[in-house]
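Grab a coffee and open the viewer. Below are some short exercises, each with a worked solution to follow step by step.

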Amino acid sequence: KGITDVVANYVNSAEFTDTLPRFTVDYKLADNVLLYASAAKGLKAGGFNGARAGLIDIPLDEQAFGPESNWTYEVGAKSTLLGGRLVLNAAAFTVDWSDMQIQALPSNTPANLVANTPVIFRNLGNAESRGIELQTLFAATDRLTLDFSASLIDPKFSDDTLSFRFNGRCDDVVCPRSTSVGGNTLPRTPKTQLAAGIEWNSTIGDGYEFFARGDVTYQSEMQVEEMNIGQIEPRTLVNARVGIGRGNWSADLWGRNVLDEEYIANSFFII
């Protein structure tokens, strides 16, 4: 990668090389049950911070930041049961991150400029995320179908991870002076997500096909930043759709968030 800033008369380049393997194995336990396991490495490329952050000359070795990588391990099962009426899939996974690209102050930022210096990206973090996922689809009758999915995740920073952008801004009351975020939940990741739906299909009159569907989704609280002092509240939303069609035409009437729940869609955290 290379960067040229004509206004600042700044030129920089960096090279990142890695190998990204993926291993998979599966075993057919029965005609309708498949077991599998996988391991794979992922990569997020590095980039550039430039030469200055506010009034600070960024150290040479921090003007570029390196790649962030992770290993993902997963085991699971995919099955079709009850004569094809029930689909049941389940998985357990672990994701291990290394050299996470975390917003931080330049390492040479003096105490009197902490509040006014823009953050840059540095490879300062490690984390892990462990969880399980479940997906089901059940044909209760020829006309009635039920579905349910769940995701339960525990995403945490490793104990050796610090938040350098909070350096000099914590008082051991709101956040620790050490700026340690070990054990804190990763931002923007809800620990619990649930979804359930019900759908009815029928035939009306001379070849008219009718359906009605309702869905409920739940998302648990999300952390806004790495110190876990700002949150986005959990939410439960209800959606609905009805439709009718015949031959090559159809008409649907639908609504999202039909109970008109007010919720925070996004939030930005600025120290």
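**Exercise 1. Work out whether N9 is buried or exposed, and look at its backbone.**

Step 1: N9 counts as exposed because its relative accessibility is 70%; the cut-offs are under 20% relative accessible area for buried, over 50% for exposed and partly exposed in between, with a 1.4 Å probe and protein chains only.
Step 2: Find N9 in the loop between β1 (2-5) and β2 (10-13). Strands here are DSSP runs of E, at least two residues, numbered from the N terminus.
Step 3: Check phi: N9 is not a glycine, yet its phi is positive, about 55°. Most residues other than glycine have a negative phi.

Before going on, a word on the model: it is predicted, so local features need pLDDT of at least 70 and side-chain atom pairs count only at pLDDT 80 or more, while totals for chains, interfaces and linings use all residues. Residues are numbered from 1 along each chain as its sequence is written, and side-chain values use heavy atoms, with hydrogens and water left out.

**Exercise 2. Do the same for D260: which sign does its phi have?**

Step 1: Go to the segment after β18, where D260 lies.
Step 2: Phi of D260 is positive, near 60°, and the residue is not a glycine.
Step 3: D260 is exposed, because its relative accessible area is 64%.

**Exercise 3. Find the disulfide and describe its two cysteines.**

Step 1: The structure holds one disulfide, a pair of cysteine sulfur atoms within 2.5 Å by the cut-off used. C170 and C175 form this link, with their sulfur atoms 2.0 Å apart.
Step 2: The angle about the S-S bond is -100°, and the link of C170 and C175 is left-handed.
Step 3: C170 has a relative accessible area of 8%, so it is buried. C175 is buried too, at 6%.

**Exercise 4. Which residues make up the largest nonpolar core?**

Step 1: Such a core is a set of buried Ala, Val, Leu, Ile, Met, Phe, Trp, Tyr and Cys residues joined through side-chain atoms within 4.5 Å.
Step 2: The largest one has 10 residues: M100, I102, A127, F157, F166, C170, C175, V181, L186 and M227.
Step 3: Pick M100 and list its contacts (heavy atoms within 4.5 Å). Leaving aside neighbours within four places in sequence, M100 is in contact with residues including R122, A127, F157 and L186.

**Exercise 5. Where does D159 lie, and what does it touch?**

Step 1: D159 sits in the loop between β12 (144-157) and β13 (192-204).
Step 2: D159 is exposed, because its relative accessible area is 68%.
Step 3: Not counting residues up to four places away in sequence, D159 touches S180, G182 and G183. The C-alpha atoms of D159 and G182 are separated by 3.8 Å, although the two residues are 23 residues apart along the chain.

**Exercise 6. Place A251 and decide how open it is.**

Step 1: A251 belongs to strand β18 (residues 249-255).
Step 2: A251 counts as partly exposed, because its relative accessibility is 39%.
Step 3: Beyond residues up to four places away in sequence, A251 touches V242, G243 and I244. Its C-alpha atom and that of F210, 41 residues apart along the chain, are separated by 9.7 Å.

How values were computed: Helix = DSSP H or I, 4+ residues; strand = E, 2+ residues; numbered from the N terminus.
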